[in-house]
Amino acid sequence: MSTGYKSFHESSIKDPKGFWAEQAKLVDWHKPFDQVFDYSNPPFAKWFIGGQTNLCHNAVDRHLKDRAQQIALVAVSTETEQERTYTFEELHAEVNRMAAILQAHGVVKGDRVLIYMPMIAQACFAMLACARIGAIHSVVFGGFASHSLASRIDDAKPKMIITAEAGMRGGKAVPYKPLLDEAITLASYKPEKVLIVNRGLSDYSTVANRDIDYASEREKHLNSKVPVEWVDATHPSYILYTSGTTGKPKGVQRDTGGYAVALASSMRLIFGGNPGETMFTTSDIGWVVGHSYIIYGPLINGMATIMYEGTPLRPDAGIWWSLVEKYKVSVMFSAPTAVRVLKKQDPAFLSKHNLSTLRTLFLAGEPLDEPTASWIHDALKKPVVDNYWQTETGWPILAIQRGVEVMPHKFGSPGVPVYGYNMKLLDEATGAELGPDKKGVVAIEGPLPPGCMQTVWGDDQRFTKTYWETVPGKQVYSTFDWAIKDKDGYFFILGRTDDVINVAGHRLGTREIEESISSHANVAEVAVVGVEDQLKGQVAIAFVIAKDPTKLANMEAEVMKTVDSQLGAVARPARVYLVSALPKTRSGKIVRRALQAVAEGRDPGDISTMEDQSVLAQIKQVIGK
Ligand code: PRX
């Protein structure tokens, strides 16, 4: 782009109407919009008012004309040793079948469908089928267990749940269906139907009149054609739950038109993908990166996408690179933790593959440290582009936007504000905008650009209160991340301002983990903090006060088991320390920052507000620091 980054970004902020009307040409509209945006009721932004479109049409149907026989989806499982490609035409047929099944069981526009599935092709069909008929999907990460699932069922109230009987990890079947059954028992709301993809990996029981078998349903609808349901641009396309400061997960609600435009534009201007090429995003459909850049982004852009079930190390550490070679991947998207895992392996696994098609590697989800960035950059000899964003935004907030201008990278920085985002670095206490090299909260002035969250599902007030009322004197969106900005406008992210932690790129709420641990019969009090970890970025550490200190045998293992069975292994604390007191302020608030500092072997700083200053010394002793 000849205009250069600065003026491009400026035009997106000064003339959002003109700017986004231009980007909106990248998607198909059934009915053109009358108004680019409406911000008459801040902080609720509505994009492309009056326009009608459909995500599934943009991701699948519209490509049939030019690329029906081109590969749209590659589903690879190194766990079950299955690999299958689907052309756009085949994907279209499968999505129609799935949509017909949904309709046959009464799912209509606006109904919620919860998807609890491993990384298999049917999960992609399910998401697109929902979009096709205007149903709202809510994908729940397969690593979450029954309690996490139950709270999401109760909040989203899905008419149908789509699942598989099992996933597979490291060669072992991981049951899904029994966990789902348990979650439905726990939940107050009961779905009408459960559709099960039976992979033949493990036994499961079924519930009469509720459970239906995907394979036999599919047979009934082999030739079904389900017309696309044209929905308003503002129609919710999905809910994706994410962790915050309370134990109750927030349902991030996404629109349709704004999301389609933001993704289409980011595919060109940030990710530099061209129609006909292949994108490989190593995330999971349960996370936002999976929604945006495994499913919708690449497909909307007419690219093939790879869904991968397995670890980066099986059958060997070259598996991802062999897929890059085989499917001529041009754009790859992964996370720093995955790169740190690969870095421990023989570099020959990487160098033996022909990676000539690969143009750029994108990394996001957690801070990218310099050794990791340098290693992968030197190994690949391709640009490595860090990008910073959130479930809430749906697409990058900070990045070097190579499709706009190839600006220099700076280690430790995900770059500069993405077009459409009016970013401010603000003083936490006063709300004043900060100059270079000052630490502040990363905030975004409204309206949020297209593609970002519309609201918290079913709770407008929570949306306003949580995100828009934390900076004094200003209604701005808080990212809850600390950062500094240098004199060139590059941001350096320094970590969360709240109790959210980031384990291997997975966003977890410490309060959720605490609530789970509290349910153990012998737990009187608990505090969970995130502690620096060389491989995973952070790990959760729990400090527990037992009700009965005489019954401590196996306590650590039991606490871990409680979290495993309720939330899933993804949330399991790496260590559980049994302590006799927790550091608290005089008003009784646990001082988590001090706990975290002590656990990381750092100076806890000013602890004068603490009621009993000897507590930290005791804790230091327990953890041996
Ligand atoms: O703290 C930031 C961190 O991950 C949080 C968002 O996580 P999630 O909602 O799971 O969305 C991930 C989308 C990529 C942020 O608030 N984070 C994300 N990307 C980066 C990052 N921290 C540092 N550098 C990044 N590139």
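A cavity here is a set of grid points where a 1.4 Å probe fits but cannot get out, and a residue belongs to its lining if it has an atom within 4 Å of a point. Keep that in mind for the opening stops. One more thing before you start clicking: what you have open is a predicted model.

**Stop 1: the largest cavity**

Select Ala45, Trp47, Cys452, Met453 and Gln454. Of the 13 residues that line the largest cavity, these lie nearest its centre. The space inside comes to about 80 Å³, and this is one of five cavities of 30 Å³ or more in the structure. Now colour strand 2, residues 44-49: with three residues, strand 2 gives the most to this lining. What sort of residues make up the lining of the largest cavity, by class? You'll find 10 nonpolar, two polar and one charged.

**Stop 2: the N-terminal stretch**

Next, select residues 5-59. UniProt lists this range as "domain: Acetyl-coenzyme A synthetase N-terminal", in an unreviewed entry. Switch to a cartoon view: the chain here is 42% helix and 27% strand. Click on the C-alpha atoms at the two ends and you'll get 28 Å between them.

**Stop 3: a crowd of rings**

Stay around there and show side chains for Phe8, Phe19, Trp20, Trp29, Phe33, Phe37, Trp47, Phe48, Trp395, Tyr419 and Tyr421. Together they form one aromatic cluster. Trp47 may ring a bell, as one of the residues nearest the centre of the largest cavity. Then add Lys17: its charged end sits over the ring of Phe37, 5.4 Å from the ring's centre.

For another arrangement of this kind, jump to Lys439 and Trp482. The charged end of Lys439 sits over the Trp482 ring, 4.7 Å from the centre.

**Stop 4: the second largest pocket**

Pick Tyr5, Lys6, His9, Pro417 and Gly489. They lie nearest the centre of the second largest pocket, which is lined by 17 residues. Its volume is about 460 Å³. Which elements give two or more residues to the lining? Colour helix 1 (5-14), strand 22 (416-417) and strand 23 (422-426) to see them. Helix 1 gives the most, with six residues. By class, the lining of this pocket splits into seven nonpolar, three polar and seven charged.

**Stop 5: a tilted pair**

A search of the whole structure turns up 37 aromatic pairs. Zoom in on one of them, Phe333 and Trp389: the ring centres are 6.4 Å apart and the planes meet at 55°, so this pair counts as tilted. Phe333 belongs to strand 18 (residues 329-334), while Trp389 is in the loop between strand 20 (384-388) and strand 21 (398-399), so the pair ties together parts that are 56 residues apart in sequence. Buried or exposed, these two? Both Phe333 and Trp389 are buried.

**Stop 6: Val476 and Ile444**

Now find Val476, in strand 26 (residues 476-485). Its relative accessibility is 2%, and buried means under 20%, so Val476 counts as buried. Select Ile444 as well: the two are 32 residues apart in sequence, yet 5.8 Å apart in space, C-alpha to C-alpha.

**Stop 7: the C-terminal stretch**

To finish, select residues 512-589, which UniProt lists as "domain: AMP-binding enzyme C-terminal", again in an unreviewed entry. Here the chain is 24% helix and 32% strand. The C-alpha atoms at the ends of this range are 17 Å apart.

Key: Residues are numbered from 1 along each chain as its sequence is written. This is a predicted model: local features need pLDDT of at least 70, side-chain atom pairs count only at pLDDT 80 or more; totals for chains, interfaces and linings use all residues. Side-chain values use heavy atoms; hydrogens and water are left out. On a 1 Å grid over the protein atoms alone, a cavity is a set of points where a 1.4 Å probe fits but cannot get out, and a pocket is an open set with protein on both sides within 12 Å along at least five of seven lines; lining residues have an atom within 4 Å of a point. Grid points are joined across faces, edges and corners, and a volume is the space filled by probe spheres set on the points. Helices (H or I, at least four residues) and strands (E, at least two) are DSSP runs, numbered from the N terminus. Ala, Val, Leu, Ile, Met, Phe, Trp, Tyr, Cys and Pro count as nonpolar, Asp, Glu, Lys and Arg as charged, and the others, Gly among them, as polar. UniProt positions are given in the numbering used here, feature names are shortened, and annotations may be inferred rather than shown by experiment. Rings of Phe, Tyr and Trp (its six-membered ring) pair if their centres lie within 6.5 Å; planes under 30 degrees apart count as stacked, over 60 as edge-to-face and the rest as tilted. Buried means under 20% relative accessible area, exposed over 50%, partly exposed in between (1.4 Å probe, protein chains only). A charge sits over a ring if NZ of Lys or CZ of Arg is within 6 Å of the ring centre and within 35 degrees of the ring normal.
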